[in-house]
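Q: Let's take a structure apart by asking how each word earns its place. Please show me the one we're working on.

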Amino acid sequence: MRRKLVVGNWKMYGGLVANQALLQDVLNGVSELVKADYAVCVPFPYLSQAQTLLAGSNLAWGAQNLSTQQEGAYTGEVAAGMLTDFGCTVVIIGHSERRGLFHESNEITAEKFEAAQKAGLKPIFCVGETLAERESGVTEQVVAGQLDAVLVRFGATVLKNAVVAYEPVWAIGTGKTASADQAQAVHAFIRQRVAGYDAGVAQNLCILYGGSVKPGNAVELFSMPDIDGGLIGGASLVANDFVAICKAAQ
Ligand code: PEP
């Protein structure tokens, strides 16, 4: 039986004062929820604040990106070991905003995946198609290519300690959610694709849905057989909404 997981992606939002209230309110809301797992991925400068407020709680924390490199003359980069120094356990890899706005290729994404796991971090590995790709009927091809960047290079066993997030690009931050059936179809495809490499790994793999998840659609999405929780952007910045989504995973 797979446990459900809900992860907040704050993107580049927040500030010391606002974070304090948001984290405290979310913590109060999820502290009694023991049937699922929860995490927030905050901007780098606030990792220390998250660590101070969340240590010992059932709300884990992590980052939204990391360097492919362990250390060196890479101005502006942040290494995996620096994230574990601040108690991170998870890191988002290959978010469509990284792929699209910062030109991260499948190759770079795979290197980041490896860097995360080498440091003991669990990658939340994002895949998903654009609207144009969906409309031209190549959703499965695109998602398969993104998955294979990791599967072909490292094999399926690396997914024992990773999470996959299916995030259709057209649904991120747009208010346009994939229907539960549309999302389920791609989740089932992902599980089947991984099963082609290793059926046991596929069976246990946690696959999150991300893309305009809100309190009003979370229950339906999370009740689909291959949807194991959510990666939540906008709604993770509103404590009541995020807590409601966390409750939907119970
Ligand atoms: C995201 O940033 O991963 C995301 C799913 O955003 P939103 O929930 O705002 O669509």
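A: Here's a word to begin with: contact, or touching, means heavy atoms within 4.5 Å. Before we use it, know that this is a predicted model, where local features need pLDDT of at least 70 and side-chain atom pairs count only at pLDDT 80 or more, while totals for chains, interfaces and linings use all residues. Residues are numbered from 1 along each chain as its sequence is written, and side-chain values use heavy atoms, with hydrogens and water left out.

Q: So which residues does Gln49 touch, and where does Gln49 sit?

A: Leaving out residues up to four places away in sequence, Gln49 touches Leu16, Asn19 and Gln20. Gln49 itself belongs to helix α2, residues 47–54. Helices (H or I, at least four residues) and strands (E, at least two) are DSSP runs, numbered from the N terminus.

Q: What makes Gln49 count as buried?

A: The label depends on relative accessible area: buried is under 20%, exposed is over 50%, and partly exposed is in between (1.4 Å probe, protein chains only). Gln49 has 12%, so it goes in the buried group.

Q: And why is Val34 called exposed?

A: Val34 comes out at 61%, which is over 50%, so "exposed" is the right word. You'll find Val34 in the loop between α1 and β2. Apart from neighbours within four places in sequence, Val34 is in contact with Arg3 and Gln250. Val34 and Arg153 are 119 residues apart along the chain, and their C-alpha atoms are separated by 36 Å.

Q: How do you know that Arg191 is buried, and what does Arg191 touch?

A: Arg191 has 8% relative accessibility, under the 20% limit, so buried it is. Its place is helix α8, residues 180–195. Not counting residues up to four places away in sequence, Arg191 touches Arg2, Ala202, Gln203, Leu205, Ile207, Asp226 and Asp228.

Q: Leu205 is on that list. How far is Leu205 from Arg191 in sequence and in space?

A: They are 14 residues apart in sequence and 7.5 Å apart in space, C-alpha to C-alpha. Leu205 lies in the loop between α9 (199–204) and β7. With a relative accessible area of 1%, Leu205 is under the 20% limit and therefore buried. Among the residues that Leu205 touches are Arg2, Leu159, Val164, Arg191 and Asp228, with residues up to four places away in sequence not counted.

Q: Which residues of helix α11 are buried, and what covers them?

A: In α11, residues 239–248, the buried ones are Ala239, Phe242, Val243, Ile245, Cys246 and Ala248. Their cover includes β1, α1, β2 (36–41), α10 and β8 (229–232). In general, an α-helix has 3.6 residues a turn, so residues three or four places apart point the same way.

Q: How many disulfides does the structure have?

A: Zero, according to a search of the whole structure. A disulfide needs a pair of cysteine sulfur atoms within 2.5 Å. For Cys41, the nearest cysteine sulfur is that of Cys88, 7.9 Å away, so by that cut-off Cys41 is in no disulfide. Both are buried by the 20% rule, because Cys41 has 0% relative accessibility and Cys88 has 5%.

Q: What makes phi of Lys11 worth a look?

A: Most residues other than glycine have a negative phi. Phi of Lys11, though, is a positive value, near 50 degrees. Lys11 is in the loop between β1 (4–9) and α1 (16–30), and it is buried because its relative accessibility is 17%. Ser212 also has a positive phi, near 55 degrees. Its loop runs between β7 (206–210) and α10 (215–222).

Q: Which residues come nearest to the ligand?

A: Of the 14 residues around the ligand, where near means a heavy atom within 4 Å, Lys11, Glu167, Gly173, Ser212 and Gly234 come nearest.

Q: How do you know that Lys11 makes a polar contact with the ligand?

A: With the ligand, a polar contact is a pair of N or O atoms within 3.5 Å. A side-chain N or O atom of Lys11 is 2.8 Å from an oxygen atom of the ligand, so the pair qualifies. Glu167 qualifies too, because a polar side-chain atom lies 2.7 Å from a ligand oxygen. Gly234 does the job with a backbone N or O atom, 2.8 Å from an oxygen atom of the ligand.

Note on methods:
Polar contact = N/O pair within 3.5 Å; in protein donor to acceptor, adjacent residues only side chain to side chain.
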